[in-house]
Amino acid sequence: MRDSHAPLVGTMESFLLHRHDLSPATMVNYRIAIAAFASWCERVLERPAEIGDVEPGTVEQYLSERKATVSAQTARSAWVALRSVARFLAEQRIHHDQGQSMLRLVRMPKVKDESRRALTDDERWHLIERSAEGESGKRDSAIVWTLLGCGLRREELAGLRLGDVDLTERRLHVRAATTKSVHPRDVNLPLETLKALDSYIADHRKGDDGPEDALFTDRYGHAITGNAVRKLFERLEARSDIRGLCAHMLRHTWATNFHRSRSGTRFDLMVEGGWTTGRMVERYTKARPFEERRKAPSPFTASRNARKEKRPSEKRPPQKRSALDEKRIA
């Protein structure tokens, strides 16, 4: 029977078994975070990490050190993983404080919310042009068009299969296993992306063409991986001279231009982007450039239009009553 002295690492598999709703990527991140905490406990406490070490004093000391020696973001990731483990231990009545999580009062490390950059219009079109160069130009260009037009995450792009693309319905299906939210979704294919995918699939794609075969393949017809996408954008960064270029920057660019182009409502943007909260929409979407805001309708437009819709009698200001009228009313 497990108690507070049971090995922490040995409990990890049981924890992940109960958290089957997590995406594969999140599971990997949780494993790394718990392993790092266990290694720290072994170094500082001079013994293997135990379940009982998941308590406020030890965890706060660990988070403080991670924030100072690595980064605040790393400390926050560790806090998320440890809080989830502590909640599991409380639910299973293995290690708890009167039935509640031992870490419920441990505060999340603060992280400076740095501005996430989107590509400018010139950078976007320049990237599209440069991506079409080289031996794999048609495939790379299709990847760039897909990321800019659909706002996919890197792993979502690598996980696409031929059967996920419906050119007739202009629909792209994102599978649950590849998303962070573990929920499938359908994304609209803009005409520009549709044309790029049609040309790539029909004339340039290599490999088998079954519905479960990868959409994007390498020169040998094998499915590309998320790491291959990362390396592709490293090459595109050097080729285009766009500082800090990565696949995720195109997701920010997509969200910003979805808003700029009025492609849908805020709720549509949440659904298409695979977000569950509006906070992520605010984090990814940037304001329109000043030149566009200056050309937008005046704040007086709605009031002026409403006045135009009134009948002539309603437009006249109310007339002041005479003394005789007041007597008649009385």
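## Strands, salt bridges and a charged patch

Strand 2 (residues 171-174) and strand 3 run antiparallel to each other and pair over four bridges. Keep in mind that this is a predicted model. Besides that strand pair, there's a fair bit to say about charged side chains here: the count of salt bridges comes to 15, and a positive patch sits on the surface.

**The strand pair**

- Let's start with one contact between the two strands: V174 has R185 of strand 3 as its bridge partner.
- Strand 3 covers residues 185-188, and its side chains alternate between two faces.
- R185 and V187 point to one face and are buried.
- D186 and N188 point to the other face, and these two are not buried.

**Salt bridges, one by one**

- Some background before the pairs: side chains of opposite charge can pair when their charged atoms come close.
- D121 and R260 make one of these salt bridges, with their closest N and O atoms 2.9 Å apart.
- D121 belongs to helix 5 (residues 121-131) and R260 to helix 10 (residues 247-260), so this pair ties together parts that are 139 residues apart in sequence.
- The two partners sit in different surroundings: D121 is partly exposed, at 30% relative accessible area, while R260 is buried, at 15%.
- R117 pairs up with E123, and here the closest N and O atoms are 2.9 Å apart.
- R117 itself is partly exposed, with a relative accessibility of 31%.
- D97 and R104 form another salt bridge, with 3.3 Å between the closest N and O atoms.
- D97 has a relative accessibility of 32%, so it counts as partly exposed.
- R104 also comes out as partly exposed, at 32% relative accessibility.

**A salt-bridge network**

- Salt bridges can link up beyond a single pair, and R47, E50 and D53 are joined in a network of them.

**The positive patch**

- Which residues form the positive surface patch? They are K206, R219, K231 and R235.
- To place one of them, look for R219 in the loop between helix 8 (191-204) and helix 9 (226-240).

**What to look at first**

- For a quick tour, try the antiparallel pairing of strand 2 with strand 3, then the D121 and R260 salt bridge between helix 5 and helix 10.
- After that, find the network of R47, E50 and D53, and finish at the patch made by K206, R219, K231 and R235.

Definitions and conventions: Residues are numbered from 1 along each chain as its sequence is written. This is a predicted model: local features need pLDDT of at least 70, side-chain atom pairs count only at pLDDT 80 or more; totals for chains, interfaces and linings use all residues. Side-chain values use heavy atoms; hydrogens and water are left out. Patches are made of residues with over 30% relative accessible area and no salt bridge: like charges are joined within 9 Å, nonpolar side chains (Val, Leu, Ile, Met, Phe, Trp, Tyr) within 5 Å. Accessible areas come from the Shrake-Rupley method with a 1.4 Å probe; for residues, only the protein chains shown count as cover. A salt bridge is a side-chain nitrogen of Lys or Arg within 4 Å of a carboxyl oxygen of Asp or Glu. Lys and Arg count as positive and Asp and Glu as negative; His and the chain ends are not counted. The place of a charge is taken as NZ of Lys, CZ of Arg, CG of Asp or CD of Glu. Buried means under 20% relative accessible area, exposed over 50%, partly exposed in between (1.4 Å probe, protein chains only). Two strands pair if DSSP finds at least two bridges between them.
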